[in-house]
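Reader: I should like to understand the terms applied to this structure and the reasoning behind them. May I put some questions in turn?

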Amino acid sequence: MLTTDRVAPAMDVTPCTKGPTEATSAQRGSDLSLRGREVLAMKPSCMQSFGIVLATALLLAPVATAQRNKTKPSPQETSSPIEVSQPHSLDLLRQLDGSLVALTSKVSRAVVQIQVTGFWPSQKKSSGDGEGLTALAEERAIGSGVILDPQGYIVTNAHVVQHADRIRVVLPTRAGDSAFDSTPEGEGQILVAKLVGVDHETDLALLKVEANDLPTLPLGIDHPARPGELVFAFGSPEGLQNSVTMGVVSSVWRQPDPESPMVYVQTDAPINSGNSGGPLVDLDGYVVGLNTFIMTKSGGSEGLGFAIPASTVQFVSEELKRHGHVDRTEIQATAQAITPTLAAGLGLKQDWGVLISDVTPDGPADIAGLMVQDIVLTVDGRPITGLPGLSAALYQHPPDQDVALTVLRGSSRISLEISALQRYDQEEDLSVLATPNNRIARLGIFAADLEYNFQSVVGNFRSPGGVVVVAQTSGPNALKLRLQAGDIIRSLNTTPMDSVEQLRTAVRAFNSGDPVVLQIERGEKLQYVAFEMD
């Protein structure tokens, strides 16, 4: 894929997950006073939603009345206009009410609550304790998900399950009409879920539960959302399952970060902690997007919610189901959006579109003749007007074929055939690998077998093999060692270490007071760490 430079949005971008996966500790919802303020903050949004319904009914009523009364009304008819319009307004409200009740009943059956238990970063150690070392603590989080397949495949956000050790799915229960036939929160049927695959770039994850004939929701691939359309956000905000809020679509192709290819459906439907992974549906019950984050200054919903478009959800979920990961086409070049200022400064022939800003020497794009300042016109015959279109075209490119690129160079149109490379997700945060299975308690660390895709966070390393430190936990020797995230343990008392299991077994053999010497690689340099085992 063409890589792009990213610029942070001006407002806080907050994942809509209830629990420690959120951006700051102040937004986790653990403080009751804060949670109370967030709940109060929802009330104006709810009143606005109701106001939309009431205003719609009242605005439609006079139109319907006028169509019936094309002739001049009699004095008797004009003397009591309220008596004519009021019953019709109530009928419209009743019809809308019935439609919303039916829609909620239909959609709620396929929306699940996701309960996650795992290890989350609780604090960053200071440089004196080991720069970059993350301390982890066991915590819980709640999100939402959508059943896409009756055989138990469920899509949610990647950040919901990012640090998961155990994932449980709570199936929805029938909404009772009174306290006597209602199911308490979180006491529906609970199933253990397996993580099929994660795609961090789109923030999507696919789960699998052992169940059959589950109710599903259709993705609105052939029913795209439109600006101004009524939509409904379903999920478990603050752990309250089967919650639904209403709003309108502000944009169907919003790009919060101009230099990122990801685009979203923007809505003012209230989205709060716990809504992440829940569906945004239209009046027909089609999923137009998957709720993923909000822009906020207060920590709660402010009418700026964003959902991953249904087309992206479909493509990524199918790739995860088929391969467990998403293959991406890469031609080893970097692109960015053209702005009028950029175009004027570089003397470009157009002030919009996508510009090649870098080409990797001796990479596929360089070999094919792609050059810096080329403007991308088409990819595989598809017109390209911006980064989202470029990203989508490369997503859909067959991995076994060359990429057909048409560019504008000066005043000339040039066609290129570029060999495609396949790229996998790189690990962006080693702490996501911290699980109980990777804990070495006596050393006070979480560790993982060194893999090829750790280079983006570990940096260059001398040789394959070894055990990489991913985070710190409590342990009798944790403070002595001062190991850092990214340290590679090469040997223990001169014995080479090639796996976490080998290191754990070797550590168990030591008695208290035994001398231990670890050879570690840090920043491509070797050093020894010596201590007595406690």
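Reader: What percentage of the residues in the chain do buried residues make up?

Author: The model is a predicted one. Of the 534 residues in the chain, buried residues make up 48%. The chain has 10 helices and 28 strands.

Reader: How do you know what confidence the predictor places in the chain?

Author: The mean pLDDT of the chain is 79, and 72% of its residues reach 70 or more. Over residues 3-10, however, the pLDDT is below 50, although this stretch has 20 contacts in the model beyond near neighbours in sequence. Residues 124-133 also stay under 50, and for them the model has 19 contacts beyond four places in sequence. Where pLDDT is low, predicted coordinates should not be read in detail.

Reader: Why is the aromatic pair of Tyr 264 and Phe 293 called edge-to-face?

Author: A search of the whole structure finds three aromatic pairs. In the pair of Tyr 264 and Phe 293, the ring centres lie 5.0 Å apart and the planes make an angle of 90°. Centres within 6.5 Å make a pair, and planes over 60 degrees apart count as edge-to-face, so the name applies.

Reader: Which parts of the chain does this pair tie together?

Author: Tyr 264 belongs to strand β10 (residues 264-267) and Phe 293 to strand β12 (residues 287-296), so the pair ties together parts that are 29 residues apart in sequence.

Reader: What makes Tyr 264 and Phe 293 count as buried or exposed?

Author: The cut-off for buried is under 20% relative accessible area. Tyr 264 has 13% relative accessibility and therefore counts as buried. Phe 293, at 9%, counts as buried too.

Reader: What kind of aromatic pair do Phe 293 and Phe 306 form?

Author: Phe 293 and Phe 306 form a stacked pair, with 4.9 Å from centre to centre and 15° between the planes. The name follows because planes under 30 degrees apart count as stacked. Phe 293 lies in strand β12 and Phe 306 in strand β13 (residues 305-309), so this pair ties together parts 13 residues apart in sequence. Both Phe 293 and Phe 306 are buried. Ring pairs link Tyr 264, Phe 293 and Phe 306 into a cluster.

Reader: How do you know which lysines lie over the face of Tyr 153?

Author: Lys 208 lies over the face of Tyr 153, at 5.5 Å from the ring centre. Lys 321 lies over the face of Tyr 153 as well, at 4.5 Å from the ring centre. The distance cut-off is 6 Å, so both values satisfy it.

Reader: What is notable about the phi of Asp 362?

Author: Most residues other than glycine have a negative phi. Asp 362 is not a glycine, yet its phi is positive, at about 65°. This residue is found in the loop between β16 (354-359) and α6 (364-368). With 67% relative accessibility, Asp 362 counts as exposed, because the cut-off is over 50%.

Reader: Where does Asp 380 lie, and what makes it count as partly exposed?

Author: Asp 380 lies in the loop between β17 (375-379) and β18 (382-383). Its relative accessibility is 26%; partly exposed covers values between the limits of 20% and 50%, so Asp 380 counts as partly exposed. Asp 380 has a positive phi of about 55° although it is not a glycine.

Notes:
Residues numbered from 1 in each chain as written. Predicted model: local features only at pLDDT ≥ 70, side-chain atom pairs only at ≥ 80, totals over all residues. Heavy atoms only, no water. Helix = DSSP H or I, 4+ residues; strand = E, 2+ residues; numbered from the N terminus. Buried < 20%, exposed > 50% of the residue type's maximum accessible area, 1.4 Å probe, protein only. pLDDT = per-residue confidence, 0-100. Contact = heavy atoms within 4.5 Å. Phe/Tyr/Trp six-rings, centres within 6.5 Å; stacked < 30°, edge-to-face > 60°. Lys NZ or Arg CZ within 6 Å of the ring centre and 35° of its normal.
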